[in-house]
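Trainee: I am new to this structure and would like to go through it slowly, one question at a time. Could we look at it together?

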Amino acid sequence: MIIQPKSRGFICTTAHPQGCAGQVQRQIDYVTSKPAINGPRNVLVVGASTGYGLASRIVASFGAGANTVGVYFDKGAEGARTATAGWYNSAAFEAAAAEAGRKSFSIVGDAFSDEIKAKTIDLIRTELGQIDLVVYSVASPRRTHPKTGESFASVIKPLGETYSNKTVNFHNGEVSIATIEPATEDERRQTIAVMGGEDWEMWIEELQKAGVLADGATTIAYSYIGPEITHAVYKEGTIGAAKDDLDATSKRLDAKLKETGGRSFISVNKALVTQSSSAIPVVPLYISALYKVMKEKGIHEGCIEQMYRLFSDRLYNGAEAPVDAQGRIRLDDWEMRDDVQAEVAQLWADLTTENVYDLSDLKGYHREFFQLFGFETEGVDYEADTNAEVDIQNLR
Ligand code: NAD
């Protein structure tokens, strides 16, 4: 079939296999151009098919030479429907890892379920023995609790008061004011149940109980803080409440893992274009302004640059990982620099529909959004008849 982008709002319902493979190869090339990392040997990445999780898996495999197990929720092609981007990304990753002689395995299904945890543990036991790094990078709009069966939906809303700020339709550059009503207590509770730390803790407990987590193992999950502009909708909102829960979970996991010489971290990462961040009001316009400033200063990073820095400078630097006063790793250090934020705030005040392409990098945002789905990728013929059905090697 001829595969073109079909988007509705912040969702693109098609993906291109060769374009996704090209994006994965670009990330592999970046990592292999850098010094090797003396890092983990056997790595589990939960939420491994896109964004920060995929980049973590690429760095583990191609930067540290680790064997990897990736767990993710994606669908293969069916009839006239293409596979999801995460499916094509993972197919490309698995093929490249096999070619490079690394062991790698994929498990597709709901990471929140007992069934997928059990299946992953069986796989680790038979193929790898034990793992020494668990990356938890799931971003999901919903979760069904494995014990109670309750279904939760996460929302992105402020807490307490109605919030209004600028936002952009990144397809046509229209800047408008988004007004979001505060969340109810139940919405806050449900968002914490989806995006908080309960499932991460369940993974670590199950892995430990099964004896497949090595002594001295590390685990890490990702968070975001961001500037004043986005606080009401992020840090001080429902998602921020879930991230507070993730922080508290990390402290508990750290205490537990320390008994066997292990450690748990939260890494606060930079705001980047991913399928998850494009769904948050206000944030895409902030990211566009941020990209403009960071690119001009020569300090812009994408997921792969951030994750390479996480592994090489922080987690596996041969010394203690540098952390902030709350014990968190800060990869948002360049984003939060005073000079960067002062310039973003200035741009923010001036941004309108008329000047958005001059004052911000909305063009770059738009391109990166479509690249997430394998479009706008160099060297791909989007007019060519393409087989949408792609198998993932080592799918269990
Ligand atoms: P993403 O949407 O690109 O990736 C989410 C991953 O989770 C995918 O691999 C998807 O398959 C997987 N997933 C979703 N539901 C699942 C389920 N039920 N079972 C198994 N896998 C499932 O998201 P991302 O932006 O890379 O976010 C990853 C983490 O990084 C999140 O905790 C997010 O808050 C955090 N983070 C993101 C940003 C940003 O700007 N994007 C910044 C800082 C921190």
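Trainee: Which residue is joined to Asn269 by a polar contact of 2.8 Å between side chains?

Mentor: Please keep in mind throughout that this is a predicted model. The polar contact of 2.8 Å runs from the side chain of Asn269 to the side chain of another residue, and Asn269 itself is found in the loop between β12 (263-268) and α9. The partner in this polar contact is Ser267.

Trainee: Is Asn269 buried or exposed?

Mentor: Leaving aside neighbours within four places in sequence, Asn269 is in contact with several residues, among them Tyr52, Tyr222, Gln306 and Leu331. The relative accessible area of Asn269 is 2%, and the cut-off for the buried class is under 20%. Asn269 therefore counts as buried.

Trainee: How far apart in space are Asn269 and Ile329, C-alpha to C-alpha?

Mentor: In sequence, Asn269 and Ile329 are 60 residues apart. In space, the distance between them, taken from C-alpha to C-alpha, is 8.5 Å.

Trainee: Which helix gives the largest share of the largest nonpolar core?

Mentor: The largest nonpolar core has 94 residues, of which Ile58, Ile220, Tyr286 and Leu310 touch the most other members. The largest share of this core amounts to nine residues, and these come from the helix that spans residues 283-296, which is α9.

Trainee: How many residues are in the other core that lies apart from it?

Mentor: Among the members of this other core, which lies apart from the largest one, are Leu128, Val138, Leu213 and Val268. The number of residues in this other core is 31.

Trainee: Which residue has a polar side-chain atom 2.7 Å from an oxygen atom of the ligand?

Mentor: Two backbone atoms can be set beside this side chain: a polar backbone atom of Phe73 is 3.2 Å from an oxygen atom of the ligand, and a polar backbone atom of Ala139 is 3.4 Å from an oxygen atom of the ligand. The residue whose polar side-chain atom lies 2.7 Å from a ligand oxygen is Lys243.

Trainee: What percentage of the accessible area of the ligand does the protein cover?

Mentor: The shell around the ligand has 29 residues, and by class these are 13 nonpolar, 12 polar and four charged. On its own the ligand has 840 Å² of accessible area, and the part of this that the protein covers is 92%.

Trainee: Is Asn42, in strand β3, buried or exposed?

Mentor: Strand β3 covers residues 42-46, and beyond its neighbours within four places in sequence, Asn42 is in contact with residues including Ala66, Asn67, Leu128 and Gln130. Asn42 has a relative accessible area of 14%, and the buried class requires a value under 20%, so Asn42 is buried.

Trainee: What is the phi of Val282 near?

Mentor: Most residues other than glycine have a negative phi. Val282, which is found in the loop between β12 and α9 and is buried at 0% relative accessibility, has a positive value instead. Phi of Val282 is near 75°.

Trainee: What relative accessible area does Glu376 have?

Mentor: Glu376 is found in the segment after α13 (362-371), and its phi, near 50°, is a positive value in a residue other than glycine. Glu376 is classed as partly exposed, and its relative accessible area is 39%.

How values were computed:
Residues are numbered from 1 along each chain as its sequence is written. This is a predicted model: local features need pLDDT of at least 70, side-chain atom pairs count only at pLDDT 80 or more; totals for chains, interfaces and linings use all residues. Side-chain values use heavy atoms; hydrogens and water are left out. A nonpolar core is a set of buried Ala, Val, Leu, Ile, Met, Phe, Trp, Tyr and Cys residues joined through side-chain atoms within 4.5 Å. Buried means under 20% relative accessible area, exposed over 50%, partly exposed in between (1.4 Å probe, protein chains only). Helices (H or I, at least four residues) and strands (E, at least two) are DSSP runs, numbered from the N terminus. A residue is near a molecule or strand if one of its heavy atoms lies within 4 Å of it. A polar contact is a pair of N or O atoms within 3.5 Å; within protein, one must be able to donate a hydrogen and the other to accept it, and residues adjacent in sequence count only if both atoms are side-chain atoms. Accessible areas come from the Shrake-Rupley method with a 1.4 Å probe; for residues, only the protein chains shown count as cover. Ala, Val, Leu, Ile, Met, Phe, Trp, Tyr, Cys and Pro count as nonpolar, Asp, Glu, Lys and Arg as charged, and the others, Gly among them, as polar. Contact means heavy atoms within 4.5 Å.
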